[in-house]
Amino acid sequence: MTPTLILAIAGGVLIAAGVYLLLERSLMRILAGVMLAGNGVNLLFLVSAGPAGDAALVGADPETIADPLPQAMVLTAIVITLATSAFLLAMSYRSFQLEGHDEVADDVEDAIVRRRAEADLSSEAYVDISDSDSESGGRDDSESGGRFERETGSRAEDEEAR
Amino acid sequence: MLLTVSILAVLGVVASALSSRLGRFVFLLPAAASIAAAVWFGMQGPAVAAGEILQERIEWMPALDIAIDLRLGALQWLLAMVVLGVGGLIFVYCAWYFESHTLASRTVGLLTGFAASMLLLVLSDDLIVLMVGWELTTIFSYLLVGLNHRSASNRRAAQTALIVTTIGGLTMLTGIMLLKAETGTFSLAATLAEPPQTTAAAWAAALMVVGALSKSAIVPFQYWLPGAMAAPTPVSAFLHAAAMVKAGIFLIAALSPAFVELPWWRWGLVSLGIVTMLLGAVRAMRQLDIKVLLAHGTVSQLGLLVTVLGIGTHASMQAGLTLLAAHAVFKAALFMVVGVVDKSTGTRDLRELGGLARRMPVAAGAAILSAASMAGIPPALGFLGKEAALDAALRDAEGGMLAIGWLAFLGIAVGAALTVAYSLRFVVGTFFGALVTEPKRRSRILVIAPVLLALIGLVGGFSGELISQLLEPQVEAVPAGEDAPQLALWHGFTPALVSSMIAWLLGALVHRSFGGRRRAPHGQDPLERGYHAGMRALDRLAVEVTGRTQTGSLPMHLTTILLVVVAFPGIALLLSGALTSDVRLYDSAGQVATAVIVSIAAIIATTTRGRLKAFMLLSVVGYGVALLFLLHGGPDLALVQALTETVFLVILVLVLRRLPKYFTDRPLRAARYIRAALGIAVGTFAALASLAALQSRTAEPISDGFYRWAYEFGHGANIVNVTLVDIRAWDTLGEVAVVLAAATGVASLIFVRRPTAGALRRSPSATGRRTWLRGAFTSEQLASPVLEMMTRLLFPVMMTVSIYLLAVGHNAPGGGFAGGLVAGIALAVRYLAGGGQELLEAVPFDAGKLLGGGMAVVVLSVIWPVLIGGRIGESYAIEATLPLLGDQKLVTTLFFDIGVWLIVIGAMLDFVRSLGAGIDLHSEQNVAPRPQWRSDRSLPGEGVRR
């Protein structure tokens, strides 16, 4: 089948503009990017639907109607984009409410992992008991109430790394 | 058979719930079920011994050739008896073992579930179903070992057990797949009937054996088993002595008829078995904790089983299976005795035990009988098995396979001597000598189960003939070796008996020399150390990789992803030649004009700093796209797009009230050129890909049939709507679930912890002026009488339009989405005219009720046809002639659309109520952000609860 060039170009422009905004740190601009890119992708769906045609209603000539399947997909996509946009909007508002701005900060956990990597440490979740004598096996002393053991070792290591 | 598995599985689920009523006696439920089932299986014994095979089959996934196919042959019968018989007694034991209620209720479900999955494992003929049972036992083992999850070492032991056995299990799954590729079937019986001879099949067998070895704790996987002793003692008795660790042995026994002639089979199994046997026995000699001593003993015994079965003759199969039964019986009994000792003295340490025989004679008797069986002392069942094993090895040595036979013989004999030694260490150390710790409690009922098992072991010793008969079908299945001799206590003064006697003597000597040692074991198994080092290295690798790749910056991550998109699929697209110049420039002049306007608006929107301006430009794009949809022949799309654009504009303006006028980011930064370049690259790639996709289409579009289906099956003329509510209803179901989640998310971001409608209390309208709306603003400065009047007139009209769109949607443009959006706009108008109060007048309850109710309608309308014998999602048309309305047709998918309609209205209500009335409330309470004049920042709300 032959695609329509002008629709592909418009879709491409919208996606390009959307990606440009998506790479920002401000949530509101990211939201604008999501909406633009979403519209762009929906236009590309139309490209894949083939040539323009009549409304897909039974009664019209089956040869001249537009492909209904991409339309159904786009319809769901539109509503989902609206829902996602409303959610991002609320997130941005909440961010302003808490911080006074809506910039996405760098992830704190990632920074912790990076520091651990630089200090040649294992992950926080990793508990090293291989040095201790594991041959004695554990005891099912949950019968006697059980103690709550908290591994403070790796936390301390992490503090060290900082 | 299937009934037993199902009953146990159901019991596993309900038992935990019942435990709050029955307390620890809840264990008697699975106990009764297991023992009853064991009796039934026992009654099948004669038929099975005669070579009959009981079969039950339920198709599961016929397309993949997977069926729940249970086959009860001799081998399966033996294992089922172990699982149900020994298991039943362990359940009885549990009822008196567990005292704390929480532990009992946690254990009972897991242990019963384990019994069900173990039974499924041994009975299943379909290798995939077998694998399901196999992995289920692994998971139950993990949960049971980690039962006391507060202890770090227990958690770690559970994790080790899980990782080691799962690695084995996945290896085995690979083997099963490979085998299926060779034989074309997942059926074990069919594979055994025609064993494949190819190299690939040999590899498949090797991979499956690796799985078996890991499950049965054979070197190099043996270290997980002693750690698994962190589980409560009855669990260890069941999983890590009697049943689960036998799964690998079972698999080896089941596969050996087909693969025993592979060159590595005998050598590999016999040597790994001997190494495991000796290692386990030597380590058992050094233990102070009697439970861990027995665990190392189990490792050793499992090694013995693999050695004997590895010989791969008729005689060795008989000996191996007898030993398997003997081990299940005596080791479960011994573990239970350990539990009794632990309960009454409070210790399992050999340094604190001794002389208990006088205080606990019954338990001591059971222990001595069972230990005699373990050490292979007549007349116990274990003696029968070990004699047969030594005999089988010798026959092998005489019958041509000289080296393997002698190796196995020597290994078994030395192993037997060491077994005698550690059996003595256990019995003498615990029950004889000076009394160290006085038993505090007496537990008469607790000893019943171990005593019964010990007696079974004793009776078994005198039932050699019966056992030989029962095992015969499986023994005959092995292709090699002469006929197996009948099991008996007395064969005459044979070489096997002589070597047994030498082993007893040697064992006693070893015990005399080393058995008195009371030093704490030190040093770690090198394999275990290797495992831990490996895990640590893996963790370090993960940290390094994460530290290097995860920068934590969202733009960086997106850039990486998009670069990969452009680089790999992009280059592939250009190289593939799928892209041709065969394009149509445009469909209509209107399309060109709209596309140009949309593109320009989008480009300006990226560079603008003004918040409102940017989003107004986005609206231009949105409405333009709606026009493009219309021009393309999608009136439904155009309608929904225009409506969503309107709704979004409303809620956007509601939020923008409280946000600064300008965007944060200064547009002029060096990085923006990089972003622009990436954006252009991604946009170009996407556009080209969409062109190429259509140009390279060869098949007929799936939607060609929709025209016909829409009317024949969907009973509607609007094909797009029928696609949404009927042909692709699942898709829509998922989508409205997303809408529901997003709407709930919005409400919870604004109202954080309070219910939405509750936060906005309805106050009686105390307005002094006459208004058009009941909930109108009380303040005259806020109120707009014209808007109020318009709302009064418009709202009913809009709701009528909404319902009209919903009703005609099946045959004309419209539908639940469009209808719901119109209703949402109507609600927004109510809010704009009269604020939150007026919205409460319109909908005096939480949006959650609409969302939840809508979801319920959607789900019910998809599944209800099942109730009348239809398929999920089937639709029906009811035609009737009504007065005034004439011939009318009601299609059942209308209810689906009504559900969608409700969800969309609920979501719109949540959006308007949260972002409108909710933010109003924040302003009143001074917690809303306050935008700064000519700045891109706000002051955060004061005293906001986080």
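A salt bridge here is a side-chain nitrogen of Lys or Arg within 4 Å of a carboxyl oxygen of Asp or Glu. With that in hand, a good place to start in this predicted model is the pair A:E24 and B:R675, whose closest N and O atoms sit 2.9 Å apart and which form a salt bridge. This pair links chain A to chain B, and across the interface of these chains the rule finds 2 salt bridges. Polar contacts turn up there too: 30 residue pairs, with both partners at pLDDT 80 or more. On the side of chain B that touches chain A, helix 28 (residues 671-695) of chain B gives the most, chipping in 14 residues. As for the make-up of that side of chain B, its residues split into 83 nonpolar, 45 polar and 32 charged.

Now for the interface as a whole. On the chain B side, 160 residues are in contact with chain A, and on the chain A side 117 residues are in contact with chain B. Putting the two chains together buries about 11900 Å², and carbon and sulfur atoms give 66% of that area. Which residues of chain B lose the most area to chain A? They are B:R584, B:H632 and B:Y707, which together make up 6% of what the chain B side buries.

How far can chain A be trusted? Its pLDDT averages 78, and 78% of the residues score at least 70. The elements of chain A are spread out on this scale: helix 1 (residues 5-22) of chain A has the highest mean pLDDT, at 95, and helix 5 (residues 153-161) of chain A the lowest, at 41. Over residues 130-162 of chain A, pLDDT stays under 50, and the model has 67 contacts beyond four places in sequence for this stretch. Where pLDDT is low, the predicted coordinates should not be read in detail.

Chain B also has some backbone details to look at. The peptide bond from B:V219 to B:P220 is cis, with omega near 10°. B:P220 belongs to the loop between helix 9 (199-215) and helix 10 (224-227) of chain B. That loop between helix 9 and helix 10 of chain B also holds B:A217, which is not a glycine but has a positive phi of about 55°. Is B:A217 buried or exposed? Buried means under 20% relative accessible area, and B:A217 counts as buried because its relative accessibility is 0%.

Another cis peptide bond joins B:P378 and B:P379, with omega about 5°. Here the setting is the loop between helix 17 (361-375) and helix 18 (381-398) of chain B, where B:P379 lies. A positive phi of about 55° also shows up at B:H715, again not a glycine. B:H715 sits in the loop between helix 29 (706-712) and helix 30 (719-727) of chain B. With a relative accessible area of 18%, B:H715 is buried.

Last comes a residue inside a helix. B:S619 is part of helix 26 (residues 611-632) of chain B. Its relative accessibility is 6%, so B:S619 counts as buried. What is B:S619 in contact with, leaving aside its neighbours within four places in sequence? The partners are B:E645 and B:L649.

Terms used. Residues are numbered from 1 along each chain as its sequence is written. Chains are lettered from A and ligands numbered from 1 in the order in which they are written. Side-chain values use heavy atoms; hydrogens and water are left out. Contact means heavy atoms within 4.5 Å. Buried area is the accessible area (1.4 Å probe) that two parts lose on being put together, summed over both. A polar contact is a pair of N or O atoms within 3.5 Å; within protein, one must be able to donate a hydrogen and the other to accept it, and residues adjacent in sequence count only if both atoms are side-chain atoms. Helices (H or I, at least four residues) and strands (E, at least two) are DSSP runs, numbered from the N terminus. Ala, Val, Leu, Ile, Met, Phe, Trp, Tyr, Cys and Pro count as nonpolar, Asp, Glu, Lys and Arg as charged, and the others, Gly among them, as polar. Buried means under 20% relative accessible area, exposed over 50%, partly exposed in between (1.4 Å probe, protein chains only). pLDDT is the predictor's confidence in each residue, from 0 to 100.
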